[in-house]
Every structure is written in structure tokens, then in C-alpha cells.
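Please look at the sequence and the structure below before reading on. The briefing then takes up two topics, the ligand and the packing of helices.

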Amino acid sequence: MALRDKILDQTAKVGVIGLGYVGLPLAVEFAKAGFATIGIDVDGKRVDAIRSATSYIQDVSDKELRALTASGRFTATTDSSVLKEIDAVSICVPTPLRKTRDPDIQYIADATAKIRTYLHAEMLVTLESTTYPGTTDEVLLAEFRSAGFEVGKDFYLAFSPERIDPGNPQFNTRNTPKIIGGVTRECAKLAKLLYEQVVERVIPVSSTRSAEMVKLLENTFRAVNIGLVNEVAIMCDKLGIDVWEVIEAAATKPFGFMPFYPGPGLGGHCIPIDPLYLSWKLKLLNYNARFIELASEINTAMPEYVTSKITRALNRNRKAVNGSRILMLGVAYKRNIADIRESPSLDIIRLLEQEGAEVAYSDPFVPELRADTISRQSQDVTAENLRSYDCVVVVTDHSDFDYDLIQREAKLVVDCRNAIRRRADNVIKL
Ligand SMILES: NC(=O)c1ccc[n+]([C@@H]2O[C@H](COP(=O)([O-])OP(=O)(O)OC[C@H]3O[C@@H](n4cnc5c(N)ncnc54)[C@H](O)[C@@H]3O)[C@@H](O)[C@H]2O)c1
């Protein structure tokens, strides 16, 4: 049976390589739509967790997982030989940076090599991992061609960037429109048809390079605007102006303005990293992506700026950082999720500890923090506990925190998120 027909009558077997924040919710959607779905991950613990219906991703519930694994519609494995029976596979592996801040596409290369071993007639391969323009052609297509397969005829290849926003109660895999770019027209058509089974709106673009660039435009747009507003926050501080009031007022303009908010620095697996994939690619073409470099410079300096604010705030209370007890509220990189990857909180902890501070944290989503040299447990936010610190720093504005209590009981608060709306002498805003 042709792949098109298998997709339409849902007899196509779907595979998802990489079962993380992106891959697991996607696999769940395919299984919910009726496709026999196999998740493939190198992490045996994740595979075991799925088999025992224990979700490790906040946006997927145990109940949902149990129903899909019990019905046999969703299975997980570390064994990539299952690819020989898969009709359509989506690659959702990480795309981090190397220590030198260059793209590290080893995970994509590894997934590609696995697929190449089992590539077969009519197989559709879609790359979802965020990466620089040209990856689908230069890495995947080149590898599959070297195995003697002809794209658009023997197999199909597309790029479709993931746009998931973990912890977002309004937008999920299903109702977030999805971009598709195929290597050939037939590739785009089949990839569109497949994703239309699980996503409400699929938007085709003319090539895989365009689709790769769409994602980088979206994330660069955010990184640059956050960089701009972080610099505006620094300027407002120097001018003695409340940046939050300025943004709120500017946001009343019904056209031509979109509010972005300052913060302690960028975090997560996307915004601090993805634009650097683009600037790296442009460097190879002798072009310097200036907006990206500047935004990255400003955003990565924010933890140092926050640390200097804490130092000044303590100084006002005749305290030195050295020997001070500081409580960080929130170590996840954004509100209401548990993800600590690239979190600016970790940098702030390190900077404060270098200066001799004693730093504790509280985060209802991260009961235990283990990151390089940092290892400790979350503290309770009680009135007594709050009173025992020289400074409390709101780094992540989780909605679980009681901000009235924090403002009332803490000696000093440095609020990086405008979480405490009341003006008070003991609260210093970013
Ligand atoms: N997290 C987000 O909010 C988000 C949003 C949009 C796009 N993205 C992009 O999606 C991609 C995946 O990100 P994520 O956050 O889901 O990552 P993740 O780290 O949560 O999950 C990746 C999974 O891939 C597995 N893996 C790694 N190499 C593998 C291999 N060779 N074979 C099989 N499994 C392998 C890992 O064990 C892990 O379970 C990245 O390119 C990221 O930039 C992420």
C-alpha cells in the first residue's frame, strides 16, 4: 500500500526518535490519532518510564500514557532496528552548543545514521530538531543519498520545526500551527498529510531551508527583543525610571508595539541557543549576524547585572555579599515548569557563592537541584524561613509562590520579574 493511503487510513506505523519535551508529546498525539506509534530513545530510563506509564514530561499525564500503552498503540524502545518497520519517522533529538558555542549536531548525525541503516522504500523522514539552515540537505539528504536512495522516489524527507511551549496551558502540539518544508514537492505533500492528522493547521513552505529559517527567525526575534528590553531595563535603572511601568503603558498602544519583559537572563533549550546556530552558519559565509551577537552579549550578562543589583541592595542594608544568606526563589528557567537547562538562576548562584554568599533556593517544581557543582534541596517558603535570609531574590515567577507573604516577611527582596506588584521599601525591582 502507498504511504499516502497508509496515512489516510491510519495504518502507517509512526516512529519518533528522541522522547523529550518535544518528542514525547508528539508521539502521544500520533498514538491518540490512531497510529501505531513507537518511540525510540537512547535513554533506557525514559523508555522504562513510558512502558510503566510514568510520565516525566509535565505536558503528558500518566493517565494519558497508561491508556495509550495499555492499548498497545504506543510503545517505546532503545532498539533502533524497529525502524525497519516504521513508515514515517520524526527526529526530535537535542541540538545543543559545544563548549566553543558552535552547533553540536552529533545527536542529529547519530539519528540519521540509525535511519540510514533501516531506510526502506516509501519511508518518510522528518527532522524536527531546531538547527541551522541547510542541515536537512547537507546532513540527512547527503547521508541517505550515499546509501543509494533517491529522494522523492525511494524515500521522502522534510523539515518541520517544533514550536512547543512546555507548560503553556493554552497552546499544545495539536493547536499550534506547524510549518513544513519538503526536499521535493512529494516530500512536502506527504509530510503535510501526516502532520495534518495530529495538528490542526499545517503551513507548507517552499523548501527545508525556509522551514529551518522560520524557526530561527521566531527564536531570534524573541532573543533580540528580550535583549532590547533588558538593555532598556538597565537604561531605566540609570535614569531612575520604573521599566515595568513604562512597558505596561507602552503595551496599551493597539498597534506597532509588542511587549517583551526584562529578566535575569535567558534559559531553556531554545532561545539562548538557537540564534547561535544561525550566526554560526552565517560566519561560514563571512557574514557577522550583528543583532544576534549583540542580543546574546546583553542577555548573557544579565545574571551579572542581577548580582550587582543584589550587592547594591545588601549594601543599602549595611551588608556585604560575603557572609550574607540569600534565598533564590525559582531555579527553573521560566514560570511553572521544572526545566533548569541554561537557567540564569544557576549563574546567579555561582556568582554569589564566588563572592562568599550562602545561597539556598526554593522551587516547587524542582525539589532537588543537581547541576555541575551545585547540589541542594528546595527550601520551604514560610514566614519564619523568609525572615532568616538577608535577601530574597525572585528569579522565576512561579504562580505557586505567595508574593504577599514574601513582600511582608523578607528583609529585602530583589524582584527580577515584577512578581510583587505592590511598591514597598524592602522591594527592589530589576
Ligand atoms: N523544549 C522545547 O521547548 C523545544 C521547543 C521547540 C523546539 N525544541 C527543539 O527540539 C529538539 C529536542 O528538544 P527537547 O527539548 O525535546 O530535548 P530533550 O533533551 O528533552 O529530549 C531529547 C531526547 O532525545 C534523546 N536522544 C538523544 N540522542 C538520541 C539518539 N541518537 N537516538 C534516540 N534518542 C536520542 C534523549 O535521550 C532525550 O530523551 C531540540 O532541537 C530543541 O531545540 C525544543
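What follows is a short briefing on this structure, with the points grouped by topic.

The structure is a predicted model. In it, 27 residues surround the ligand, and the protein buries 93% of the area that the ligand exposes when taken alone. Several helices also pack against one another, among them α8 with α11 and α12 with α13.

**The shell around the ligand**

- Among the 27 residues that surround the ligand, the closest are Val22, Asp41, Arg46, Thr95 and Asp110.
- When these surrounding residues are sorted by class, the shell has 13 nonpolar, 8 charged and 6 polar residues.
- Helix α5, which runs over residues 106-118, supplies the largest share of the shell, and this share amounts to 3 residues.

**Polar atoms facing the ligand**

- Asp41, which is one of the closest residues, has a polar side-chain atom that lies 2.6 Å from an oxygen atom of the ligand.
- Lys114 also brings in its side chain, with a polar atom 3.4 Å from a nitrogen atom of the ligand.
- In the case of Val93 it is a backbone N or O atom that lies 3.5 Å from an oxygen atom of the ligand.
- Taken alone, the ligand exposes 830 Å², and 93% of that area is buried by the protein.

**Helix α8 and its partners**

- Two packed helices are described by the angle between their axes together with the distance between those axes.
- Helix α8 (residues 208-239) packs with helix α11 (residues 290-300) at an angle of about 50°, and their axes are 8 Å apart.
- Angles from 65 to 115 degrees count as roughly perpendicular, and α8 and α11 are therefore oblique to each other.
- Helix α8 also packs with helix α10 (residues 274-284), here at an angle of about 115° and with the axes 8 Å apart, so α8 and α10 are roughly perpendicular to each other.
- Helix α8 passes α11 in a left-handed crossing, and α8 passes α10 in a left-handed crossing as well.

**Helices α12 and α13**

- Helix α12 (residues 302-316) and helix α13 (residues 344-354) have axes that are 9 Å apart, and they pack at an angle of about 50°.
- The helices α12 and α13 are therefore oblique to each other, and their crossing is right-handed.

Methods
Residues are numbered from 1 along each chain as its sequence is written. This is a predicted model: local features need pLDDT of at least 70, side-chain atom pairs count only at pLDDT 80 or more; totals for chains, interfaces and linings use all residues. Side-chain values use heavy atoms; hydrogens and water are left out. A residue is near a molecule or strand if one of its heavy atoms lies within 4 Å of it. A polar contact is a pair of N or O atoms within 3.5 Å; within protein, one must be able to donate a hydrogen and the other to accept it, and residues adjacent in sequence count only if both atoms are side-chain atoms. Accessible areas come from the Shrake-Rupley method with a 1.4 Å probe; for residues, only the protein chains shown count as cover. Helices (H or I, at least four residues) and strands (E, at least two) are DSSP runs, numbered from the N terminus. Ala, Val, Leu, Ile, Met, Phe, Trp, Tyr, Cys and Pro count as nonpolar, Asp, Glu, Lys and Arg as charged, and the others, Gly among them, as polar. Axes are lines fitted to C-alpha atoms, for helices over the stretch in contact, and angles run from 0 to 180 degrees between N-to-C directions. Angles under 35 degrees count as roughly parallel, over 145 as roughly antiparallel, 65 to 115 as roughly perpendicular and the rest as oblique. A crossing is left-handed if the near helix is turned anticlockwise from the far one by less than a right angle, and right-handed if clockwise.
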